[in-house]
Amino acid sequence: MLQTVWVSSPGSWALKESECHRQGKKRSWKCRFVRTIIQHPCWRHAPKRSRKARMLRKIQICLCFCFVSGILYEISLLSSCVFSYLPMAQHYLTPEQVLNLGKSIIFLETTERLEPPPLVSCSVESAARIYQDRPIILFMRGLTNETALDLNTSYAAFSLLSSMKNVFIFPLQMETVFQETPLLQWYNQVVPEQEKNWVHVSSDASRLALIWKYGGIYMDTDVISIRPIPQESFLAAQKSRFSSNGIFGFPARHKFIWDCMENFVLKYNGNIWGNQGPFLMTRMLKTLCNLTDFQGTEDHSCQNISFLNPQRFYPIPYPAWSRYYQVWDTSPSFNHSYALHLWNFMNRNRKVVVAGSNTLAEKLYKTYCPTTYKDLIQNAKHRDLPHPEDVE
């Protein structure tokens, strides 16, 4: 189900001028405000009454101010995206409305599947926990407006993610995403059925268009967030002199992303895996500066773009990806990392997190996506146990 946000109507708080203020134009605004709320004359101008009555009137005034201040504070929180304090929703926000709130964390699912696997759920949950003041958006190609209404009851992962106040799940409508970008012409000409790597290519294109239009951070659905990324404009080095496109962030309308989209179309070759992804980012970065090897845990900077050390997201390189699913004598601290890329593309045998396995991945789930671990991993183990009536 799509996450929703209720917005108070500022117009409902319009104040009427009280009788006592029409007689004196220089009365305080506080008096006008409270007069409207409690429907009594201002206490300064009311007849003298008992000490107890005056005390009760002051208490009423204080309570009114606290109530109204709370409502106004909730309205202000919407503009700053502090979703953890927003009340129950009463209408759906569109993807554009959520993206326009700013600084979104964006995930994409460009296959047709509708049930996010545990790793996707963990990635989204970990981001929602680390970035509690930012909208976390999962776009899904297989999702439509018609199917969205039943997903919270049909799939455990949707119910889990939809319960998080800053998580939004929307259909991925590529033609809409590519509007007003160089990618629209390419999209109208390409034939997906004839593309060898369409799932990856369409994802490469969509992430560029969304970040260019709205800004924020893009993350692959196999990235587990462990601490906030401090940079606003950054690329992630997969290794020295080579950029990934599995995680990157830029403000809206950044020239580098526009140039990437133009090069995407100009140098398009869907038969070469990564040509529109990490190779695109690398060749575009090389046009701006001379890339050198990293020393230690330093980051590089290139014309106000941070090129982040491989330790930030890829402390375990892709040839050693299976180590995430092994038991370690001493688990690494990842003190120099902002997030961890689990290399799901390399996971041909579909290794998964198993409750009680004590693998590194299981420990990451327990720490950074505990709800996914409890609901999808531990509960799956219990569901797989045979019931007594099934045992002969």
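# Burial, pocket and salt bridges in a predicted chain

Good morning. Of the 392 residues in this chain, 48% count as buried. I should say at once that the model is predicted, and everything I describe is computed from it.

Let me begin with the overall architecture. The chain contains 15 helices and 10 strands. Among contacts with a separation of 6 or more, 73% join residues that are 24 or more positions apart. As for the outside, the chain exposes about 20,700 Å², and carbon and sulfur atoms supply 52% of that area.

One part of the surface deserves a mention here. Met 55, Leu 56, Ile 59 and Leu 63 form a nonpolar surface patch, with about 400 Å² of accessible area together. Met 55 belongs to helix H3, which spans residues 51–80. Its relative accessibility is 46%, so Met 55 counts as partly exposed.

I turn now to the empty space. Rolling a probe the size of a water molecule over the atoms shows where such space is left. The largest pocket has a volume of about 1,200 Å³. It is lined by 49 residues, and those closest to its centre are His 200, Asp 222, Trp 343, Asn 344 and Phe 345.

Which elements supply at least two residues each to the lining of the largest pocket? They include strand S1 (105–109) and strand S7 (242–250), together with helix H5 (118–130), helix H11 (198–214), helix H13 (278–286) and helix H15 (370–384). H11 gives the most to this lining, with 5 residues.

Helices H5 and H11 will return in the next part, on salt bridges. The count comes to 9 salt bridges, and I shall take three of them in turn.

The first example joins two loops. The side chains of Arg 141 and Glu 112 meet in a salt bridge, at 3.4 Å from N to O. Arg 141 lies in the loop between strand S2 (136–140) and helix H6 (145–148), and Glu 112 in the loop between S1 and H5, so this pair ties together parts that are 29 residues apart in sequence. Arg 141 is partly exposed, with a relative accessible area of 30%. Glu 112 is likewise partly exposed, at 48%.

The next example lies within a helix. In H5, Glu 125 and Arg 129 are 4 residues apart, which means that about one helical turn separates them. Their side chains meet in a salt bridge at 2.8 Å, N to O. Are the two partners of this pair buried or exposed? Glu 125 has 0% relative accessibility and therefore counts as buried. Arg 129, at 38%, counts as partly exposed, since the exposed class requires over 50%.

The last example brings us back to H11. Arg 207 forms a salt bridge with Asp 220, and the closest N and O atoms are 3.5 Å apart. Arg 207 sits in helix H11, whereas Asp 220 sits in the loop between strand S4 (216–219) and strand S5 (223–225), so the pair ties together parts that are 13 residues apart in sequence. Both Arg 207 and Asp 220 are buried. Asp 204 also takes part, for Asp 204, Arg 207 and Asp 220 are linked in a network of salt bridges.

I shall close with three individual loop residues, beginning with two that have an unusual backbone sign for their type. Lys 103 is not a glycine, yet its phi is positive, at about 55°. Lys 103 lies in the loop between helix H4 (95–99) and S1. Its relative accessible area is 53%, so Lys 103 is exposed.

Gln 303 also has a positive phi, near 50°, in a residue other than glycine. Gln 303 is placed in the loop between strand S8 (300–302) and strand S9 (305–308). With 56% relative accessibility, Gln 303 counts as exposed.

The remaining residue is Thr 359, found in the loop between strand S10 (339–341) and helix H14 (360–368). Thr 359 is buried, because its relative accessible area is 9% and buried means under 20%. Which residues does Thr 359 touch, not counting those up to four places away in sequence? Thr 359 touches Tyr 324, Tyr 325, Gln 326 and Val 327.

Thank you for your attention.

Methods
Residues are numbered from 1 along each chain as its sequence is written. This is a predicted model: local features need pLDDT of at least 70, side-chain atom pairs count only at pLDDT 80 or more; totals for chains, interfaces and linings use all residues. Side-chain values use heavy atoms; hydrogens and water are left out. Buried means under 20% relative accessible area, exposed over 50%, partly exposed in between (1.4 Å probe, protein chains only). Contact means heavy atoms within 4.5 Å. Accessible areas come from the Shrake-Rupley method with a 1.4 Å probe; for residues, only the protein chains shown count as cover. Patches are made of residues with over 30% relative accessible area and no salt bridge: like charges are joined within 9 Å, nonpolar side chains (Val, Leu, Ile, Met, Phe, Trp, Tyr) within 5 Å. A salt bridge is a side-chain nitrogen of Lys or Arg within 4 Å of a carboxyl oxygen of Asp or Glu. On a 1 Å grid over the protein atoms alone, a cavity is a set of points where a 1.4 Å probe fits but cannot get out, and a pocket is an open set with protein on both sides within 12 Å along at least five of seven lines; lining residues have an atom within 4 Å of a point. Grid points are joined across faces, edges and corners, and a volume is the space filled by probe spheres set on the points.
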